[in-house]
Structures are given as C-alpha cells and as structure tokens.
Amino acid sequence: MTVLERPAVAEVSKPVRRRVPPWRNPWRRPYILGAITWLYIAWSLLPVLIAIQFSFNDGRSRSVWQGFSTQWYCCNEGSVFEDPSMFLALKNSLILGIATVLVATPLGVMLAMGLTRWRSRTSAAANGISLVPLVTPELVVGSALYLVMINLYQFVPLGRPAMLLGHVTFTVSYVLVIVRSRLLSIGGEYEEAARDLGASPMQAIRTVLVPLLMPAIFASAMIVFATSLDDFVVSQFLFGNASNATVPILLYNAVRASPTPALNALATILLVGTFLALILTVLVLKARRRGTDESALETLADWG
Amino acid sequence: MSFDPNDPALRRRRPRPQLARRDVLRGGVWITVGLGAAPLLAACGDNGSSGQAANGSAPYPLARPDKPVTLAIKDSNPPIDDGLDPETGGTFQILNYSQYMAPGVMKAFGQKHNVSVEVTPYNNYDEMLAKIRQPGQSFDLVFPGPSVLSKMVYADLLQPINHAYVPHLKNVWPEYQDPWYDRGAHYTVPYTIYGTGVMYRADRVTSVPEVGYDLLWDKAYSGKVYLLDDRQEAIGMSLLRNKITGDINTSNADDVQKATDSLIELIGLVNVKTDVNAYSEVPEGTATIHQCWSGDPIAGQYYLPKGQTPEVLGYWRPAAADYVVGSDNIAIPKSASKPVLAHMMINDLLDNKIGLENFGWNGYQPPLTKLSTKFLTDEGYIPKNLSNSVVERSDFAQGRTFYEVSPSTEALWQTDWARFKAGA
Amino acid sequence: MPDHKSGRDRATRRLWPALALPGTLWLIALFIVPFYAVMAVAFSGQINIFNEPIPAWNPLDWEFTTFNGVIVDSFTPSGVYHEVWVRTAIYSFWALVICMVIGYPVAYYAARLAGKRRGLVLALILAPWWINYITRMLAWVNLLQDDGYVNKFLGLFGIPPYSWLSGSSITVVWALAYGYLPFFIIPLFASLDRIDQRLLEASRDLGVGSVRTFLHVTLPLSRMGLITALVITALPMAGDYYTNTIVSGSPHTNMVGNQIELFLLEGPQKNIGAALVLLLSLVLLFFMLYYLILTQRASKELTR
C-alpha cells in the first residue's frame, strides 16, 4: 500500500509533466539488463572466436598473432590432417557420439513411455532412480564405471565398448526427461483413440505416439550427441588406450604438454561440425513444427 | 606359474595391529605380502638372488648394482619363436611418456610395416602400471625403468625378449647388454640414459646457487616453478637437497615425511606445479625453473620461439656423487598383439642411425657406443652451454639411482606424494 | 466388448513395464552396480603387491579402516584432505555467486525483455552449450598467457602483466563460473519464461517499481528455476578436476576431484580414491535428494 501512496503524493504536490526518474519507471527500456546480457554474450563467445583465430596463426604461438595461415589444418607437419592422433580423435568422437545417440535415444524413449504411462509404485521408484544420473557429478559416474569395469565387468574392455556404455548411461536420463515432459503434455487420449479404432498397442505407439513425440526425440538425440561430444570425464576414465582417445581427451592431454595452434584447429573443426549438426536439427524441427507456437530453439532450451 | 592378483594365495589380511592412526594413514594401507608368497616364488623357478628392502619385504627380487638379479624366463610365459613373420595391418600400440619417441621414427616404422603407430601417454610409472594392468588392454611396447621392472615381470605383465630378433643389442654399452636389474637382458633392452637436474631460463635467472635445487625455493620465480610429476624424483630430490638422508630409496617414514613437508613449502612459497614437460615449458617461457631430466634441455632447443637461441636455456646438475641417474628400458608387454613387430621396433631403436634420429628429436641419449659424447657434440646435437646435460659413464659409477622397493615402501611414498598433491 | 476391453487392458498393462524394462535394467547394471563396486573397493581390506585394493564383494568382508581414516582426514582441520574439501566448497561457492550475479540478469533479459531480438539472444546464450567445455577452457588459456590478450588489454590501462595461469585461485573461480554459466542460465531461462506476463503487468499497472516487482513477484515465481540452476551447476562443479588443472595445475588450487583422479587414475591406492568418491557422493546426496524431491513435486503438479 505504501507503494501506491508515493506516486500519488508526488502527482498532487507537483502536478503533471514531472518525469519519473528512470529507475522508478516500470516501463523504461531495460538498458542495464540489456548491457549485462550483451556483455555476457561477448565474454562467453569472444574467447572462443579468438581461439578460432589462432588456429589460423602463422607460427607456433597461441597468444601472439603472426599472420594468417592454414598450416595447422592441413599439409604441414603437426597439422590436424597430418597428425594421425588428431584425425583419429576426431573420428573417435564422432563415432562415439553417433553410437551413443543410436543406443541412448531408443532406450530413453522406451523408458520414458514405460515410466510415464505405467502407473504403479515400482514405476514411481524407477522414475526417481532414472533421474539420479542426471544430477550425479560426472566424476562420480566416471569413477564408479571405471571401478566396475576393471574389477567386475572385465569382459567389457576399456575403450570404445566401455565408453559407449558409459556415455549411454549418463545421457539416457536427458532423453527420459525431455520425452517425458512431452508425453505428459500430450496425454494418453491419442493412444486410447487409436486403440479404440482397433490398433494393437505396438501399432498405437508406432503410428500415433512416436510421430507426436518426434520433435522431443529429435531434440533429445541432438542433446545426447552434443553431450557425448562434450564429455571429458567419463571418457577419460574409460578410454583405455590412444586408439580410443576422443577430442576432449586429446585437447586435455595436449594443453598440458606442448600445445600448438593445431589444437585450436582441432577444436575449431569439432565446433563447426557440432554447429552444422545443430543447424540441421533446428531445420528439421522447424519443418516438423506444425500447429505449435514453440520455436525449435526453445524446444532445445527447454530440456531442463 | 602365473601371477594372478586375485589369487587367494596372495591375499593377505591387512595387519590389524596396534598401529597408531597416524601410521595407518601415513604409512598407507598396505600388507606384508612377503612371507606367504615365498613358496610361490620358489615355484616360479630360480629368480636369482633377491635383495630385500630394510622395511617390509617383496615377493619379487629387488635388484641393486651389487646384488644383480636374473629375471627368470617362466615356462608359462615363453618368448616368441624364432623366424616369425611380422604382423601387418591394424594398430601398433605404444605405452610411453608423451613426446618421448620421434614422430618420424614412428611414421617410418608404420609405413614400412603397414601399421598405424599410436602412443598412449603417461606421466609417471604409477600411471603406466595402472594402464598396463587394465583388463583387456593390449600394448605392444612399454618403457619401464629398473624401479618397476621386477614387479612387472613377477606379475606377468611383460614377455621375454627373443634376442634372435634383436641383433642390434650389440650396439649398446656392454654394461647394458647384461645389466644388474635384468641379467642377460631377458625382458628389457635399454632405451635412454639420463640424470635429474634443474632446467632454467638463463635470461631470467641471474645467478645459479651452488645447490641449484635452491632455485626451486626462490620466491623470485613464483608461479613459474615446476617439479617433475613423479613421486620418486620429487621426494628424492628433497631428500638430497635437505640432506635428510643420502638414501633416495629410503623406507624411513620420518625421512619421507620431512622431505614431503619441504616440498609442501613450495606450494605456499612459489605456487609450485608438477608435470614432465620441461622440454617445452622452459623454452616457451611458461616455466622459469623446472626440475627436469637431462634430455629435456637438449630437446628444449627445438621448442624455442622464433628468433631465440639455445643460450636462453640453462641446465644445472648436482655434483657426481649426488647426481641421480637412471635409464629407461624398452620392454614388450605380455598383452602385445604384435610381438614380432615389437621386437623389430626394438631392434630399430638400437640401430645407430635410427637411434641418432630419435635422439635428435627427443634429446635423450641412447646408450649406443657409437653415439659418444664427443660425436654428439661434434655433430652439433648438443649446444655448448648445455654440454653438462650429457650423461657420462662416470656418472653411473658415482651417482645414485632409484631402485625397486617393497610394496610397503612404495605405499609410504605414494601416500606422502598424495599429501603433497592435496596442497595441504 | 467388455472382454475385448479387459484383454486390451491386460496387454497394455504388460506393455508399459516391458518398455521400461531395458532402460531400467541398463541403469541397474551400469549405475547401481557400479556404485556398489565403489563401496566394494572403498571397504576393501586387502591389497595386492601393486598396493591396489582387492574389492570386497561380500558386505561381510567389508572393513571400514580406510573409509574412517579418509573421513577423519577430510573433516579434521589437520587432516590431509581437509584443504581440498575446503577449497572445493569455497571455489564452488564463489563461482556460484558469480553465476547468480551474471546469470540471473541475463536469463531474465533473454526470457522477458529481449523483444524482437529474443531469438538471437537465446541462440547466442545457448551457443556455448554446444561448444566443447575443454575447448572453452583452452580458449582462456590462450588469452591468459603472459603475453596474451588479457594482459595486453590491461596494459592499455597501465596495469602490469599478471601471471594468470600460475596457480591463482581467482583464475580458477572465474574459469569455473565461465565454464558452468551456460548450464546455469538455461534452466533459469526456462522458469522465467514460464512466468505469466500478466502477473508482471498487473504489478506494474499497480505502480509498483520494477525492483519491487522483481522482489515480490518475479523472484518468488522463479525460485524453483533458480534452485534447479544452482543444483545443476553446483553438483558437477564439486566434482570438477579438469578446469583447475587446465588453468592452474598447482597443488595450491587442487580440489577434491583432483585427489580422486590422483588415486584412481594415477596411483594404485584406489581404495582411498573410492572412499573419497563415496564421501563426495554422500555430501552431494543431500542436494540431489532435495532437487529430486522438488522435481518430483513439480512433475506431479503438471500431471494433476
């Protein structure tokens, strides 16, 4: 109430025209917040852009610009495409990312359908447990998987198989969360209708539910892919030997040894690859988006 | 008789004795494996005379120059047969320090035999052992020093070398054709020899104290001071610098603790860091003072930024009696999937020409008779101001070496090293 | 018809659990069992000649000497691991403060005020999410070199060059904040975005200043998002060991994650490492449970 009184008094004592000071005006343009936001964006992205710039440096330095060159990308000793370990790491990252998507997405979608539609005490418990990986630090996941692989699951060799199992384990929850929120919002009526029309349960899922879930499935597949590419910790615990090193492992080891702009070049290639995949997904989502006012980006943003 | 770490015969209950809590924590949680394993050892055949550490015993022989060890070739783990064809295709997997073998040498080898050569890097032997022991892993070549060798052979991590494939062994110093840690070179051939000293930026360090290790404790270089990321080298150096004991393989908990405390001082004093990259960090200027191996300054000349000469680098080494010298060996893991190729690479690395090419890249001297100090200096491989980084035969006669110790002594060092790493 | 209906129900009833089964089994085998492996290693009473623990799979064989020792050493001021725990807490705390101070305004602006540029702002804020974490750290390593752009920039104002990468706690805290801010902003954005615009308009129409509107309307309504953001950033931050390794590398800035990495990957005393993992999990369990209860409650509200 006191809030209301103040402007009223002001209006009476100094009638009309007195401009409200800008910090009092609820409708002023949000200059300060805008400035903070744009500064943050600059702060978050400029370093990466500069790192990209140095991947084109004509010299060994990663801090002093010595002119433009593509020597760290190709055709020079120590460049990404001449250094077999870098090229291999790039390949490993992509293979692992795609394999993780192929396993984690169906697994997560099935889990989401099962846990959301199946109402019982068991499902509630399973639901709770399946969220735990989402909030468990990667270090804990990584070290637990490492200890179980070297001590108990000795039939799973460290390397790509172990990494795949690990990546799926911590990404499947992302799929679960995204797909489940979509499942909750579309409700069970569509399947019911399909069943009433004589579809078998599997048919109802395939012909009705899956198409409805497509945007969520795409978004989660993309997030699984990005998370897998981004992962360092679980990979570091499970990679075994150099044949399976991924880009983050290579970057991490090299940044501590003797880094050259080739590292920046490697990181740049991975970055460009990720963004191409991202743009592709956004386009697909846009094309599929019919009748909803949710933008594709927001579908991706809304994962939490 | 093969060794299985899960073999019940090797399991010992940790003594639940009247150890003070401090001892439990500091001494680490370890067990005396020795007694019960003795029969097992005997069953493994003649393991030669075995040295014993003062504290705790080891089920494997502990070699010393005055108590050489013959690592027996077991029936269960024979060398490969003579005259086999080299494997081709796929990956030749090397477990090694990073930047420790010339890429040119690896590439040529890979092209010759149609394999892709890969290196899985480690920073120290603890890490190397962790990697080589991972179940299901296969490595074709590994580079263990004498301080981990006997244990690795005992645990069947290595396979014997068939000398028929390694005629170049005659190229190495005679003492390394029959070394004290592996009589008859059954499991290893030498790779490099080195001493441990301090590398520094001569353009930033105005005067080098008599004990060059004091450079590490000099506040003037705060933030640019590095230790080797290796518990034996770091704690051993502290033992010598602080004159705690001349025995760099000590099993005395108080000594190790005092030496570690002195290292911990470095954290507050100069914000010390640990790694094994002196060869690049000093030339590039990230480090001003770096505890290093003697190969690092020589390799360092190739990492200098454009326009700088090797004169900006300096190497300090202790007097001969306190110089810690050592050797790295080449060995073939039991898990090797390309053992014939591994033998061939070993033979290549002992070739005078390839050995020189490798040295010209990594800076670490191979003990090849032809590559004498005079030859290397004359050929311009060693800058004048870094000539003290060459290791001589006399250094091995007078200097000190890290030996293999018992598991309990290792645990002692490991626990104190972790205390240093905690920055407490 | 009734027969058909009940048969159908039975089929459906079996279908949903069947769909949930593979994912549930996966998580049991690769999340719960690994956790048990951590305990089996941490409570092991036997070690081999490599000083490696031999896991005690039978709970009757468990010995708690190591674990108790680690607890004592973690929580008594003179303990070996006390410092790393304190550092973990302090670094995470300050990094989270920075995340809040920068992240909240940015999320608020992006969600409510960006207007026409909303899509662009959102895309730019999301961009770091798709850039490899190690790459982003690498970028800062480039900038923070002694002769890097940061010192050059500061030099313009006559500030003498500073060795940012020489084991500085400040660098580590900012690096953590930089690394985790995108993960902080996104859930916050999602929750701020959901606030009904009419509530804020009502508040403003009533003449309430923007600060008061914020304190009395926006902040309470975004509480859930803020907590999610804090939890989602705090958990991985507490298990971080690579950020400080990349930007510092000094034992002076080592956190509990570094100690775990040392024991598990670089040394044989895996029982101590496993004990630290358990302890870290117990400390974080409190936050995890809190978060899980909150999300469960929120999802129940959604389904109601």
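Visitor: Which residue in β8(B) stands opposite B:Val225?

Guide: In this predicted model, B:Val225 stands opposite B:Ile289 in β8(B).

Visitor: What makes β6(B) and β8(B) a pair of strands?

Guide: At least two bridges between two strands are required for a pair. Strand β6, residues 225-228 of chain B, is joined to strand β8, residues 289-293, by 2 bridges, so the requirement is met. The two strands run parallel.

Visitor: How do you know that β6(B) and β7(B) pair?

Guide: The cut-off is again at least two bridges. Between β6(B) and strand β7, residues 273-275 of chain B, there are 3 bridges, in the parallel sense. Within this pairing, B:Leu227 stands opposite B:Thr274.

Visitor: Which way do the residues of β6(B) point, and are they buried or exposed?

Guide: B:Val225 and B:Leu227 point one way, while B:Tyr226 and B:Leu228 point the other way. In a regular strand, side chains alternate between the two faces of the sheet. All four residues of β6(B) named here are buried; the term calls for 20 or more other C-beta atoms within 10 Å of a residue's own.

Visitor: Turning to chain C, how many helices and strands does the chain have?

Guide: Chain C has 13 helices and 2 strands.

Visitor: Why is chain C called more spread out than a compact globule?

Guide: For 304 residues the globule rule gives 19 Å, whereas the radius of gyration of chain C is 25 Å, well over that value; therefore the chain is more spread out than a compact globule. Its C-alpha trace spans about 85 × 75 × 35 Å along the principal axes.

Visitor: What percentage of the residues in chain C is buried?

Guide: Buried residues account for 54% of the 304 residues in chain C.

Terms used: Residues are numbered from 1 along each chain as its sequence is written. Chains are lettered from A and ligands numbered from 1 in the order in which they are written. This is a predicted model: local features need pLDDT of at least 70, side-chain atom pairs count only at pLDDT 80 or more; totals for chains, interfaces and linings use all residues. The radius of gyration is taken over C-alpha atoms; the globule rule is 2.2 Å times the number of residues to the power 0.38. A residue is buried if 20 or more other C-beta atoms lie within 10 Å of its own, exposed if 12 or fewer, and partly exposed in between; C-beta atoms are placed from the backbone.
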